[in-house]
Each structure stands twice: as C-alpha cells, then as structure tokens.
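I set out to keep a short record of what I looked up in this structure. The entries follow the order in which I worked.

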Amino acid sequence: MNKKSLGQRLLRAPYILWSALFIIVPLFIMGYYALTDAAGNFSFSNFSDLSRYKNAFLISLLYAFISTVITLIIAYPLAYFMTKCKPGTQRMMMILTMLPMWTNFLIRTYSWITILSNTGIINTLLGKIGLGPLHLINRPGTVILGMVYDFLPYMVLPIFNVMSKIDVSLTEAAEDLGANRFRVLRKVILPLSMPGVVSGITMVFVPSVSTFYISQKLGGNKTMLIGDVIEYLFNLGPDYYNVASAISLVLMAIILVSLFIMNRFSDDEGGGVVL
Amino acid sequence: MKILSKLYMALVVLFLYAPIAVMVFFSFNSGSSVWVFEGFSLAWYGELVFNSEMLDALQHTLLIAVISATASTVLGTAAAVGITSLRSKLAKSAIMSVTNIPMMNADIVTGVSLMLLFIFFGKMLGLSESLGFFTVLIAHITFNLPYVILSVLPKLRQTDPALAQAAMDLGCTPVSAFFKVVLPSISSGIFTGFIMAFTLSLDDFVISYFTCGHYQTLPIVIYNMTKRTVTPDTYALSTLIFIVVFALMLLYNVTLSRSEKKRGMSR
C-alpha cells in the first residue's frame, strides 16, 4: 500500500512542478513587471497610466460582447437543426464545423479582405449589376464579422454536444403531454442545453476580447483593441514591458471576473459548471 | 420547416467556407496577387518545393506539435492518475484550479507571461537570446497539458478501482496492474487528449508569437507575410493541408459508419 501511494506521488510530482514553474511563476513575474518601472524600482505608475487605455478596454469588451451574442444567435439554431438530422448527416455537419479550425485562422481572416475590399468579390459582383461599391472593409462591423466568423465553431460544438445528449424520451413526454414544438424547445431543450451555451459563450468571449489580429487586418488599424495595445507595447521593446504587463494583468482580471459572474448566473439557471 | 432548417444549415456552412473557397481559388492564380485573378495555373504549387522559409516553418511546426503532444500526453496522463488518487479534496481542487488557468486565460496573457518568464531567467543566466526552440516547446506543452488531463480524468473516474485492486490481488505489481488494467480502459481518453494537443499545437499562433524568438513556426511565417504581401504560395500550402485534413476526416467518418453498420447487422 505504501509503495503504491509513493508511486502515485511520483506520478503527479512532475506535473505539479511543471505547472508551478510555467503557470504560477510566470504570473508572478508578470505581476513583478507590472509593479516596477523600467529601472526595476517599485512603482504604481503603470496602473495609474492605465486610464489612457480605458477606451481600448471598453471597445474590446463591447465588440466581444456583441460578437458573442451574434455567435450565439447563429449557433443555437444550427445546433438544434443538427440534432434533428440523421446520425450520418450529424457527423458530417460536425466535420464541416470543425474543419475550418484546421485551416490557419490568419489566412481565413485575411481571405475576408479579398471578399470585402472595395475591389473585392462582393463589390465586383455588385458592380456587374450596376450597384455599389459598398464600403465594407475597415469598419467596426468588419471586426465583429471577423470575430463571429473565427469563433463560431467554438459556440456550435459545445451546444451541439450537450443538445445531442438530451434524452429523446424527455421531449417525447413533453409532446405527449400536449406541448407544441416551440414549447418543447423553450421548456425542455433550452434549460437542458444551458451548460453547452455557457461553455460556448466562454470559448467565444475570451478569444474575442483579447484578439489582436482580427482588428489589425479587418479594422484597418483604426480600432485599437486591448490585444492590439498589448502586442504593440511589447513590440516597442523592454522599456514598455512594465506597462504592458499591467494591462495584461487587468485583462486577466476582467476575464476571470466575467467568467465568475457567468458561472454564478448559469448556476441559477439550473446548473452548468465551467470552472 | 424541414426545408427551412436545411437552408439555414447550408447558409452557415457557406459562411464558414467562403474564405476557404477564396483561399483555394486564389492558390491557382497565375498572377502573384491574392486579389486579382489572372488565370489558372499550378505554378505556385510547384514553387512551394523551393520555398525554404515556408518548408522550414512547416517542419518546425510539425516537430513542435509531435514532441509537445507526446510530452503533454505522457505527463498529463501520469498527472491525471496521480490526481485521481489524491484523498485530500482541497489539494485536488487546488491542482484543478491551476490546471484550468491556461484554458480560461486569454492566449495573449499566457503567451506574454511565459515570454516574461523566459526573458527573466534568460537575463539571470546571462543568455544573449532567451527565446527559441525550447521556449516554444515548453509553452506548447504547458497549454496542451490541461486538455490532456481533462480528457483523461473522466475516463479514470469511469474505471472501477476494484479492477486494479483485483489484478494486484492476483499477483500483479502496481506497475503492471496499471499497464494491463487501467491503461486499456482509459486509452480512448488518452487518444482524444493527444489529438487535441496535436491540433492545438499545430494551430497556435498567439502563444508561439510571444515565445518563439527566431524559431519560426508556420503561423508565424504566415503572420509576417500578411504584414507585407501575401502571395498565392501561402494559399497553396494551406490548400494542401486543408485537403489532407479533409481526407483524413472523411476516411475516419467512413470507417466509423462502416463499423456501425457491421455492428448493426450482427445484432
């Protein structure tokens, strides 16, 4: 028995060491940078400078919120319709949803420029029927489109997974008791699929709020999101590591608080747990 | 209703594949632009063989993906077994909370914090270049580990501990009981974890961007290209990758439905 527990301690020891060294320590070093100036002296100035980036924070939160809502509106019916298909079609749809994730997301985002630009595919087609050109690129809506596009699979897959495991006898019972399709959806499927919705929202919101590529390519550098600010400052060189660390810490805090609030909210709704 | 739902599904698929269709289409462009289509040509596919920057990057990406997925699968499976046997609830939830951090956190924060760690220790050790192959590898193993652990843990929970106990009562050592009894029953979880780790590693851009230094992986090279001009050879390589993955998935789907049919018939 003793030998066995020693063995199991040896099994988890490397991982505990690893996660301490590469998950915990980096966060502390980031905190150290955030609380010092470029010369290494203790200072709060990085945090008092943060008000300069208030707009970037607010815009990032707003864009991430909007794109998460749109993604949910697109993904939920899709997942629902998928569960109504034959098993073969369901699997095919799963593959079709996952496959874009294996194509580099930078290229998929970049391709949208070819579609949307002033001389792009949509405007060329519009021009052929005597319309346009429409100004589609480098606008706030384009950035949101990019977020919705890039992260849609992350919303579809968890919702579909949870929905497809709902016991058919539950919906049948509701139908037998006289509920119509819409009522079954609202009273049975919607509450039972909440855990999938919650993890979908998490998986879309976190990358959206922190992205720095989509806004650069589709927003034409007009909109600086908080991810852009962090990337920009780190590229300026070591003198800017301190303030960039402070921003990253605040971003992390915002994400953790949002996730926490959402988990509380979903618990009230009847029980999905992400954390 | 049925037609409407089919139409809706088709529209979403169209949305998901529009940029990919553009990518495939322009990979056959005879001109050097990804904006103006001049004519059909396979020239860019031929050019790929000579594009050493991109081929090197592809090789780096595959190397990092294979090593990091293997290492995180071994380390993560061992950790999952070790965590399951923990009796203290507090220790268990502490470890799980830490495990969740890289999954919950934004990639950019994970990447930046790891970069600062490497630079900090690089400075302490007096290295002139603190970022490179090993730092990307460490970063990839770190963000892969939670996915492996979380796909192995549920399988371990479904495995009856009495099985391993029985094997030991019948004379197995704890080690051979693990390999003969526990491992086979969690193998599907380990496999899922490995595949997830592998694909996450292949696809990662943000964390690599901050930790790679001059060791460029494919997403980094593509990123640098989109900062200058993208030529159709990038699209050609991505099209090839897309076709390979698509073929593998179709094959998997076909074998799966075949085995299902067989099982159905024997019943």
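**Entry 1: a starting residue**

I began with T71(A), which is found in helix α3 of chain A. I noted at once that the model is predicted. Is T71(A) buried or exposed? I counted 27 C-beta neighbours inside 10 Å, so T71(A) counts as buried, the cut-off being 20 or more. Setting aside neighbours within four places in sequence, I found T71(A) in contact with V148(A), F151(A), L152(A), M155(A) and V204(A). I also looked up M94(A), which lies 23 residues from T71(A) along the chain; the two C-alpha atoms are separated by 17 Å.

**Entry 2: the helix around it**

I then turned to the whole of α3(A). Its 30 residues, at 1.5 Å each, should span 44 Å, and the end C-alpha atoms are 43 Å apart, which agrees. The buried residues of α3(A) include S60(A), Y63(A), A64(A), S67(A), T68(A), T71(A) and A75(A). Further along α3(A), I listed Y76(A), L78(A), A79(A), F81(A) and M82(A) as buried too. I recalled a general point here: an α-helix has 3.6 residues a turn, so residues three or four places apart point the same way.

What covers the buried residues of α3(A)? I found that the cover includes α4, α7, α10 and α12 of chain A, together with α1 (2-27) of chain B. I checked α10(A) in the same manner. Its 17 residues should span 24 Å at 1.5 Å a residue, and its end C-alpha atoms are 24 Å apart, which agrees. I recorded α10(A) as mostly covered, with 15 of its 17 residues buried.

**Entry 3: the nonpolar core**

Which residues have the most contacts inside the largest nonpolar core? I noted M155(A), V156(A), I159(A), I230(A), I247(A) and V112(B), in a core of 127 residues. Helix α7 (residues 140-164) of chain A gives the largest share of this core, 15 residues. I followed M155(A) further, leaving aside its neighbours within four places in sequence. M155(A) is in contact with T71(A), my starting residue, and with L72(A), A75(A), G200(A), M203(A) and V204(A).

**Entry 4: a residue in a loop**

I next looked at N138(A), placed in the loop between α6 (121-128) and α7 of chain A. N138(A) has a positive phi of about 60 degrees, although it is not a glycine. I classed N138(A) as partly exposed because 18 other C-beta atoms lie within 10 Å.

**Entry 5: where the chains touch**

How many residues does each chain bring to the contact? I recorded 64 residues from chain A and 58 residues from chain B. On the side of chain A that touches chain B, at least two residues each come from α1 (2-34), α3 (54-83), α4 (87-102), α5 (105-116), α10 (194-210), α12 (226-236) and α13 (241-268). The most come from α1(A), with 21 residues. Sorting that side of chain A by class, I found 43 nonpolar, 13 polar and 8 charged residues.

**Entry 6: the chains as wholes**

I counted 13 helices and 0 strands in chain A. The radius of gyration of chain A is 23 Å, well over the 19 Å that the globule rule gives for 275 residues, so chain A is more spread out than a compact globule. Its C-alpha atoms fill a box of roughly 80 × 70 × 30 Å along the principal axes. I noted that 42% of the 275 residues of chain A count as buried.

For chain B, I counted 11 helices and 0 strands. Chain B has a radius of gyration of 23 Å, whereas a compact globule of 267 residues would have one near 18 Å. I entered its box as roughly 75 × 65 × 35 Å. Buried residues make up 36% of the 267 residues in chain B.

**Entry 7: confidence**

I closed with the confidence of chain A. Its mean pLDDT is 87, and 95% of its residues reach 70 or more. Which helix of chain A has the highest confidence, and which the lowest? The highest mean is that of α3(A), at 95, and the lowest that of α6(A), at 84. I marked residues 269-275 of chain A, where the pLDDT is below 50; this stretch has 16 contacts in the model beyond near neighbours in sequence.

Conventions. Residues are numbered from 1 along each chain as its sequence is written. Chains are lettered from A and ligands numbered from 1 in the order in which they are written. This is a predicted model: local features need pLDDT of at least 70, side-chain atom pairs count only at pLDDT 80 or more; totals for chains, interfaces and linings use all residues. A nonpolar core is a set of buried Ala, Val, Leu, Ile, Met, Phe, Trp, Tyr and Cys residues joined through C-beta atoms within 7 Å. A residue is buried if 20 or more other C-beta atoms lie within 10 Å of its own, exposed if 12 or fewer, and partly exposed in between; C-beta atoms are placed from the backbone. Helices (H or I, at least four residues) and strands (E, at least two) are DSSP runs, numbered from the N terminus. Two residues are in contact if their C-beta atoms, placed from the backbone, lie within 7 Å. Ala, Val, Leu, Ile, Met, Phe, Trp, Tyr, Cys and Pro count as nonpolar, Asp, Glu, Lys and Arg as charged, and the others, Gly among them, as polar. The expected span of a helix is 1.5 Å times one less than its number of residues. The radius of gyration is taken over C-alpha atoms; the globule rule is 2.2 Å times the number of residues to the power 0.38. pLDDT is the predictor's confidence in each residue, from 0 to 100.
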